[in-house]
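Please look over the sequence and the structure shown here before reading on. The report is meant for someone meeting this structure for the first time.

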Amino acid sequence: MQRRWAIAFLAPHLKRFHGNEHILDLGCGDGKISADISRFLPTGHVTAIDPSKDMISWAKRQFCDFEYSNLTFALGGFEETNLSKEFDCIISLNALHHCNDKKRGLEEAHRLLKDQGKLLILVPSSKESAWDEAIAAICSIEKWSQHLEKIAETVFLDSGEYANLLETCQFTVISVKDIKTKDPFVDKEEFVSWLVGTYPPIVKRELLTDFFSDIVDQYIAIYPDAIDANGTISAEFDAIQIVAVKR
Ligand SMILES: C[S@@+](CC[C@H](N)C(=O)[O-])C[C@H]1O[C@@H](n2cnc3c(N)ncnc32)[C@H](O)[C@@H]1O
């Protein structure tokens, strides 16, 4: 689902590529979207980095050099990319909210871009939603509060805060747009399995299905319109699309 929203955001930019660009995908996760992007660059290259060893090792196994010779995966994050090369474009999809020091992260993106290089970011926003309310409620009950894993704190900003931060980091902001993503899941099972594969492991792996199952029940209790008579659940998330250029 995230892939669908990501591609919808990226499509107009991907279409304008010449095919020889060097792209950095920052916080690439499982690398599926990095692989999609690499197909637009027959003579270019995608470098895809993520701080999660599991994600990078999965991506390397899934997208082998033989089939994706223009795609490289490596460990790294916003704060520490371990890169020196210059990029025509940096893409970051649903990852910047995990970066604790966003100013430092965006300064690093600025350093790695060529002059006039483009920054394309899709990030969840700070808006209070039924979804956030459901997660907070479930995390606070004793059944789950005792199992919460220590994961990097997630800090959400709103569109105005991102625009200001980008200007401070020497970017010219082309657009910052609030969007609402809405995705249908055929049933609760499909939604839960997507959540297990998408979210960072908030509780131990073996408890994830039960944990997200409780969150989905809570989400539906708060927002009954999310489920229709056939059991199809439409999940809504608030996000921000950012386009900026290095100045
Ligand atoms: C929801 S996933 C998104 C993955 C991928 N971009 C996508 O859209 O499918 C968020 C990713 O951000 C990564 N992440 C966490 N902290 C990060 C940081 N400081 N810098 C870059 N990525 C980070 C996580 O490891 C995770 O793989």
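What follows describes the sheet, the helices that pack on it, the contacts between helices, and the surroundings of the ligand.

## The sheet

The model is a predicted one, and a natural place to begin is its sheet. Seven strands form an open sheet with mixed pairing, and their order across the sheet is S3-S2-S1-S4-S5-S7-S6. The two edges are strand S3, residues 71–75, and strand S6, residues 171–185, each of which pairs on one side only. From one strand to the next, the twist averages 15°.

At the S3 edge, strand S2 (residues 45–50) pairs with S3 in the parallel sense over five bridges. Within this part of the sheet, Ile49 stands opposite Ala74 in S3.

## Helices on the sheet

Helix H1, which covers residues 2–16, lies across four strands, namely strand S4 (87–93), strand S5 (113–124), S6 and strand S7 (233–246), and H1 runs at about 155° to S5. Helix H7 (residues 159–168) also packs on the sheet, where H7 touches S6 and S7, and the direction of H7 makes about 145° with that of S6.

## Helix H4 against helix H7

Besides touching the sheet, H7 packs with helix H4 (residues 102–112) at an angle of about 50°, and the axes of these two helices are 9 Å apart. That angle makes H4 oblique to H7, and the crossing of the two is right-handed.

The contact brings Lys102, Lys103 and Leu106 of H4 against Leu165, Leu166 and Thr168 of H7. Sorted by class, the residues of this contact are three nonpolar, one polar and two charged.

## Helix H9 and its two partners

Helix H9 (residues 208–222) meets helix H8 (residues 188–198), and the axes of H8 and H9 come within 9 Å and cross at roughly 120°. H8 and H9 are therefore oblique to each other, and H8 passes H9 in a right-handed crossing. On the H8 side the contact is made by Lys188, Phe191, Val192, Leu195 and Val196, while on the H9 side it is made by Leu208, Thr209, Phe212, Ser213 and Val216. The residues of this contact divide into seven nonpolar, two polar and one charged.

H9 also packs with helix H5 (residues 130–140), and here the axes come within 8 Å and cross at roughly 130°. H5 and H9 are therefore oblique to each other, and their crossing is right-handed. From H5, the residues Ala130, Trp131, Glu133, Ala134, Ile135, Ala137 and Ile138 meet Asp214, Ile215, Gln218, Tyr219 and Ile222 of H9. In this contact of H5 with H9, nine residues are nonpolar, one is polar and two are charged.

## Around the ligand

Which residues come nearest to the ligand? There are 21 residues around the ligand, and of these Gly27, Gly29, Gly77, Ala95 and His98 come nearest. Taken by class, the residues of the shell divide into 11 nonpolar, eight polar and two charged.

## In brief

The predicted model has an open sheet of seven strands with mixed pairing, and H1 lies across S4, S5, S6 and S7, while H7 touches S6 and S7. Among the helices, the crossing of H4 and H7 is right-handed, as is that of H8 and H9, and the crossing of H5 and H9 is likewise right-handed.

Notes:
Residues are numbered from 1 along each chain as its sequence is written. This is a predicted model: local features need pLDDT of at least 70, side-chain atom pairs count only at pLDDT 80 or more; totals for chains, interfaces and linings use all residues. A residue is near a molecule or strand if its C-beta atom, placed from the backbone, lies within 6 Å of it. Ala, Val, Leu, Ile, Met, Phe, Trp, Tyr, Cys and Pro count as nonpolar, Asp, Glu, Lys and Arg as charged, and the others, Gly among them, as polar. Axes are lines fitted to C-alpha atoms, for helices over the stretch in contact, and angles run from 0 to 180 degrees between N-to-C directions. Angles under 35 degrees count as roughly parallel, over 145 as roughly antiparallel, 65 to 115 as roughly perpendicular and the rest as oblique. A crossing is left-handed if the near helix is turned anticlockwise from the far one by less than a right angle, and right-handed if clockwise. Two residues are in contact if their C-beta atoms, placed from the backbone, lie within 7 Å. Two strands pair if DSSP finds at least two bridges between them.
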